[in-house]
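User: Please take a close look at a single residue of this model and describe its setting in the chain. A connected account would be preferred.

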Amino acid sequence: MAALLIALFAAGCGGDSGSSPESEAFIVELELPLSSFQDEPDVYGQAGLSPNGRNGTRIVIRLDDPHKETMEAEVRRGGCGGFRSISADYELGKVKDGELTTDVDVPTREIRMGYALVVREPRKDDEQARSRRERREGTFDKGTCGDLSSAEPVD
C-alpha cells in the first residue's frame with residue numbers, strides 16, 4: 001500500500017524534487033485509535049502530504065481495507081493523544097471507497113507542526129447532541145488517526 005501511495009505522489013501531487021522542506025513530500029501512517037478506550041483502531045491506512053503551490057498542501061488518503069461506508073477526513077490541532085479543539089480545523093471531505101485526494105490552503109511545513117489527521121465514520125444527524133457531548137469528553141466514532149508531525153519524507 002505504501003508503494004502505491006508513493007507512486008501516486010510521484011505521478012501528480014504537486015511540489016518538485018528539490019531537497020528543501022518546503023518542496024518535500026511526506027507520508028504518515030494512519031494507525032492510532034480515536035479513543036483511549038480502544039487498543040487498536042478500526043481503520044488503517046496511509047496519508048501523503050506534498051506541497052501544492054506556494055502556500056498549499058495536497059493530501060492523499062488511502063485506507064488499507066476500504067470500507068463500504070463513506071468516511072470523513074479532517075485535520076485537528078493537537079496530536080492523536082489529545083485534540084486541542086472540539087471541532088476540526090480543516091474539513092477535508094469524504095473518503096469514498098477508501099480514497100481521498102484534496103488540497104488545503106496551509107503550507108506543508110505548517111500542517112506538519114502540531115496537527116493530526118483523523119479519518120472517521122460520519123456522525124448521524126439524530127446523534128448530534130450526543131456527539132457534541134462526546135467530543136467534549138474525548139470520545140470519537142470509529143476511525144483512525146495519524147500525527148502529522150510524525151510524517152516521514154518520501155524518498
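Analyst:
**Threonine 144 and its surroundings**

In this predicted model, buried residues make up 45% of the 155 residues in the chain. The chain comprises three helices and ten strands, and its elements follow the order α-β-β-β-β-β-β-β-α-β-α-β-β from the N terminus. Of the contacts with a separation of 6 or more, 68% join residues 24 or more positions apart. The chain exposes about 8300 Å², of which carbon and sulfur atoms supply 44%.

Threonine 144 belongs to strand 9, which spans residues 143–147. Because its relative accessibility is 0%, threonine 144 counts as buried, the cut-off being under 20%. The strand as a whole shares this setting: five of its five residues are buried, so strand 9 is largely enclosed by the rest of the structure. Thr144 and Gly146 point one way from the strand, while Gly143, Cys145 and Asp147 point the other way.

Strand 9 pairs with strand 8 (residues 115–120) in the antiparallel sense, over five bridges. Within this pairing, leucine 117 stands opposite glycine 146. Leucine 117 is also among the residues that threonine 144 touches, as are Val118 and Val119.

Other contacts of threonine 144, leaving aside residues up to four places away in sequence, are with Leu30, Glu31, Leu32, Leu34, Pro41 and Val43. Two of these partners offer backbone oxygens to the threonine side chain: that of leucine 32 is reached at 3.3 Å, and that of valine 43 lies 3.2 Å from a polar atom of the side chain of threonine 144.

Terms used: Residues are numbered from 1 along each chain as its sequence is written. This is a predicted model: local features need pLDDT of at least 70, side-chain atom pairs count only at pLDDT 80 or more; totals for chains, interfaces and linings use all residues. Side-chain values use heavy atoms; hydrogens and water are left out. Helices (H or I, at least four residues) and strands (E, at least two) are DSSP runs, numbered from the N terminus. Buried means under 20% relative accessible area, exposed over 50%, partly exposed in between (1.4 Å probe, protein chains only). A polar contact is a pair of N or O atoms within 3.5 Å; within protein, one must be able to donate a hydrogen and the other to accept it, and residues adjacent in sequence count only if both atoms are side-chain atoms. Contact means heavy atoms within 4.5 Å. Two strands pair if DSSP finds at least two bridges between them. Accessible areas come from the Shrake-Rupley method with a 1.4 Å probe; for residues, only the protein chains shown count as cover.
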